[in-house]
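Good morning, and thank you for making time on the agenda. I would ask you to keep the sequence and the structure in view while I speak.

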Amino acid sequence: DALAAIGNDPEAILNALDGSKNSNPGKLLTVYFVFEDGTTLCTRAPAFEVFGNRYVKDCYELAYQSSYRGIRWTEPYISPLSPLTRTIALYKPVLLDGSRAMVMMEINLSAMLSSILRATNDASITWSVVSAGGQLVATSDDYTSVVSDYKQLSRSALEAALPDVISLPVSASQCSIDGNDYLFYRESNVCIDWTLYTFVKTSRLYAAVRPMIAKILMIGALHLLMLSLLIAMLSGR
């Protein structure tokens, strides 16, 4: 809305893009503004002139393929401008003095998801975010300093098994990854078409639950014994 109010003033638009990026340090990587004729302004103009970014044109075409004028999300990709960082872009069509245009922002995925995935430090559980296209956006394994094969389900093993896991019925809750059985849970977000997956190795879950079951059985047996003694005393009277 602010860009639409500025009008067709490239210098003012570029200042607005820089201001947006500077007000979100570490979160916004590169911010673009695309005119209808294909002219592109961005916060890293020299790099854009050298490397370009094919996603800019793709996003512009997608932005006007339907009547939806809200914010959209891309699939994760490697940006040549940010620099060679795995990112996603938010993009939205805007009208500038009656002409079509688009604003686009590349997001720092690591900063965006670290607050969620870094907090999940349980060694037996792996949390993963998967895009609508089936790409592994991020996993809690990305935020651990311990060797992944030891601490959690490794990224490489998860990426290899992901197509089979995604294809399982909605009601499914068990899968096999890298020769091990896992229980998993998934929760989708309609807004950005991402799915959060939680994986726990079946053997570890059973190992954690088994002592609890043993205690429940022991308490049940004691209650049954006390009840039997009480019934015997009452029946004797």
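In which sense do strand 3 and strand 5 pair, and over how many bridges? Strand 3, residues 72-73, pairs with strand 5 in the antiparallel sense, and two bridges connect them. Within that pairing, Arg72 stands opposite Tyr91 of strand 5. Please bear in mind throughout that this is a predicted model.

Let me give the overall figures before going further. The protein has eight helices and eleven strands. Of its 237 residues, 38% are buried. Among contacts with a separation of 6 or more, 49% are between residues 24 or more positions apart. The exposed surface comes to about 14,000 Å², and 60% of that is supplied by carbon and sulfur atoms.

I return to strand 5 and its other partners. Strand 4, residues 77-79, also pairs with strand 5 in the antiparallel sense, over three bridges, and here Ile78 stands opposite Arg86 of strand 5. Strand 5 and strand 6 run antiparallel as well, joined by ten bridges. One of the pairs there is Ala89 with its bridge partner Glu106 in strand 6. Strand 5 and strand 6 form a hairpin with two residues between the strands, and Asp97 in this hairpin takes a positive phi near 55 degrees.

Next, helix 2. The expected span for the 13 residues of helix 2, residues 10-22, is 18 Å at 1.5 Å a residue, and the end C-alpha atoms are indeed 18 Å apart, so the two values agree. Which residues of helix 2 are buried? They are Ile13, Leu17 and Ser20. Viewed down the axis of helix 2, these buried residues fall within an arc of 65 degrees, and therefore they line one face of the helix. The face turned away from that buried side carries the exposed residues Glu11 and Asn22. As for what the buried residues of helix 2 pack against, the list is helix 1 (2-6), strand 1 (28-35), strand 2 (40-42), strand 5 (85-96) and strand 6 (99-108). Strand 5 and strand 6, the two strands of the hairpin just described, are thus among the elements that pack against helix 2.

I now turn to a second region, the open sheet of five strands. Its strand order is 8-7-11-10-9, and the pairing is antiparallel. Strand 8 (136-139) and strand 9 (174-177) are the edge strands, each pairing on one side only. From one strand to the next, the twist averages 35 degrees.

Strand 11 deserves a closer look. Six of the eight residues in strand 11, residues 194-201, are buried, so the strand is mostly covered. Strand 7, residues 125-130, runs antiparallel to strand 11 and is joined to it by six bridges. In this pairing, Trp127 has Thr198 of strand 11 as its bridge partner, and Thr126 stands opposite Phe199 of strand 11. Strand 10, residues 180-189, pairs with strand 11 over eight bridges, again in the antiparallel sense; there, Arg186 stands opposite Tyr197 of strand 11.

What follows in the chain is Thr202, which lies in helix 8, residues 202-236. Is Thr202 buried or exposed? Its relative accessible area is 10%, and because buried means under 20%, Thr202 counts as buried. If neighbours within four places in sequence are left aside, Thr202 is in contact with Asp181, Tyr182 and Leu183.

The last element is helix 7. Its twelve residues should span 16 Å at 1.5 Å a residue, and its end C-alpha atoms are 16 Å apart, which agrees. The buried residues of helix 7 are Ala157, Leu158, Ala161, Leu162 and Val165. These cover an arc of only 145 degrees around the axis, which means they sit on the same side of helix 7. What covers them includes strand 7, strand 8, strand 9, strand 10 and strand 11. On the face turned away from the buried side, helix 7 carries the exposed residues Ser156, Ala160 and Pro163.

Why does Pro163 count as exposed? Its relative accessibility is 52%, and exposed means over 50%, so Pro163 meets the cut-off. Between Pro163 and Gln135, which are 28 residues apart along the chain, the C-alpha atoms are separated by 9.2 Å.

That concludes my presentation, and I thank you for your attention.

Note on methods: Residues numbered from 1 in each chain as written. Predicted model: local features only at pLDDT ≥ 70, side-chain atom pairs only at ≥ 80, totals over all residues. Heavy atoms only, no water. Helix = DSSP H or I, 4+ residues; strand = E, 2+ residues; numbered from the N terminus. Expected span 1.5 Å × (residues − 1). Buried < 20%, exposed > 50% of the residue type's maximum accessible area, 1.4 Å probe, protein only. Arc of directions from axis to C-beta. Contact = heavy atoms within 4.5 Å. Pairing = 2+ DSSP bridges. Axes fitted to C-alpha atoms, helices over the stretch in contact; angles between N-to-C directions. Areas by Shrake-Rupley, 256 points an atom, 1.4 Å probe, with all protein chains shown as cover.
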